[in-house]
Amino acid sequence: MNYENMKFPRKNMSPSQKQFIRELLQRRQAPITLMHRFFQIAAAAVLLLGIGVFSVYLANESGRSGEQTYAIDLPQGMDILKREKGLEFKLGERTVGGAVPSSTKEKQSLESSPGIFEIKEITDLAYPAERLLQHVKTMTAVQTYHYFLELEDGTLVRVYFHTPYVTEEQAEEAMKTFRAGD
């Protein structure tokens with residue numbers, strides 16, 4: 001079929017008919033009511049609030065990628081390995097301790113576990129601290145000294161040493177050099 005040669009009927013309207021249709025369409029359009037406007041504003045506010053919360057979350061997560069860093073002077077022959085969260089102390093291939101972020105829940109759980117011989121407040125360190133002596137008796141360790149330090153911002157750090165690789169005196173000397181920074 002060739003559409004170019006086809007003729008379609010054309011309807012001409014008078015100005016009064018055009019005006020009538022225009023008025024009819026205007027009456028049928030729903031006016032923006034106060035309730036409609038309220039829902040538009042509420043939806044925009046929820047969207048902006050969601051974006052704001054998400055932005056704060058992302059900012060906190062990116063801030064965590066620069067996790068708290070720790071420094072400590074260990075006895076001779078020991079190495080420090082940086083881990084995703086904290087430090088690991090090595091003597092040859094053997095892990096003999098570490099420093100990791102902690103929580104009061106973890107501390108309370110450890111305090112109430114069997115094998116805790118001693119809980120002692122330590123006052124001669126750079127941060128308020130408490131030492132827990134735990135009897136573990138595994139193939140690699142006999143006891144573990146856990147030092148829970150409260151940093152300036154209120155967070156807890158657990159620094160621990162396994163015996164017989166680190167003596168009590170060596171652990172105390174190392175803890176005197178412990179520093180936390182950002």
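The questions and answers below concern the sheet, and the helices on it, in a predicted model.

User: In what order do the strands of the open sheet of seven strands stand?
Analyst: The pairing in this sheet is antiparallel. Read across the open sheet, the seven strands have the order β2-β3-β4-β8-β7-β6-β5.

User: Which strands stand at the edges, and why is one side of each left without a neighbour in the sheet?
Analyst: Each edge strand has a single partner strand, so one of its sides has no neighbour in the sheet. From one strand to the next, the twist averages 20°. The strands at the edges are β2 (79–83) and β5 (116–122).

User: Which residue in β6 is the bridge partner of Glu-121?
Analyst: β5 runs antiparallel to β6 (residues 129–135), and six bridges join the two. Within β6, the partner of Glu-121 is Glu-130.

User: What angle does the direction of helix α3 make with that of β6?
Analyst: Helix α3 covers residues 104–111 and packs on the sheet. The strands it touches are β4 (94–102), β5, β6, β7 (143–150) and β8 (156–163). With the direction of β6, that of helix α3 makes about 40°.

User: Which strands does helix α4 touch?
Analyst: Helix α4 (residues 168–175) also packs on the sheet. Its direction makes about 20° with that of β7. The strands touched by helix α4 are β6, β7 and β8.

User: How many of the residues of β8 are buried?
Analyst: Both faces of β8 are covered. On one side the buried residues are Leu-156, Arg-158, Tyr-160 and His-162, and on the other they are Val-157, Val-159, Phe-161 and Thr-163. β8 is largely enclosed by the rest of the structure, because its buried residues number eight of eight.

User: Is Thr-163 buried or exposed?
Analyst: Thr-163 is found in strand β8. Leaving aside residues up to four places away in sequence, it touches Thr-140, Ala-141, Val-142, Gln-143 and Tyr-145. Buried means under 20% relative accessible area. Thr-163 has 10% relative accessibility, so it counts as buried.

User: How many bridges join β7 to β8?
Analyst: β8 also pairs with β4 in the antiparallel sense, over six bridges, and there Ala-99 stands opposite Val-159. β7 and β8 run antiparallel too, with His-146 and Tyr-160 as bridge partners. The number of bridges joining β7 to β8 is eight.

User: Which residue in the hairpin of β7 and β8 takes a positive phi?
Analyst: This hairpin has five residues between the strands. The positive phi is near 90°, and the residue that takes it is Gly-154.

Note on methods
Residues numbered from 1 in each chain as written. Predicted model: local features only at pLDDT ≥ 70, side-chain atom pairs only at ≥ 80, totals over all residues. Heavy atoms only, no water. Pairing = 2+ DSSP bridges. Helix = DSSP H or I, 4+ residues; strand = E, 2+ residues; numbered from the N terminus. Axes fitted to C-alpha atoms, helices over the stretch in contact; angles between N-to-C directions. Contact = heavy atoms within 4.5 Å. Buried < 20%, exposed > 50% of the residue type's maximum accessible area, 1.4 Å probe, protein only.
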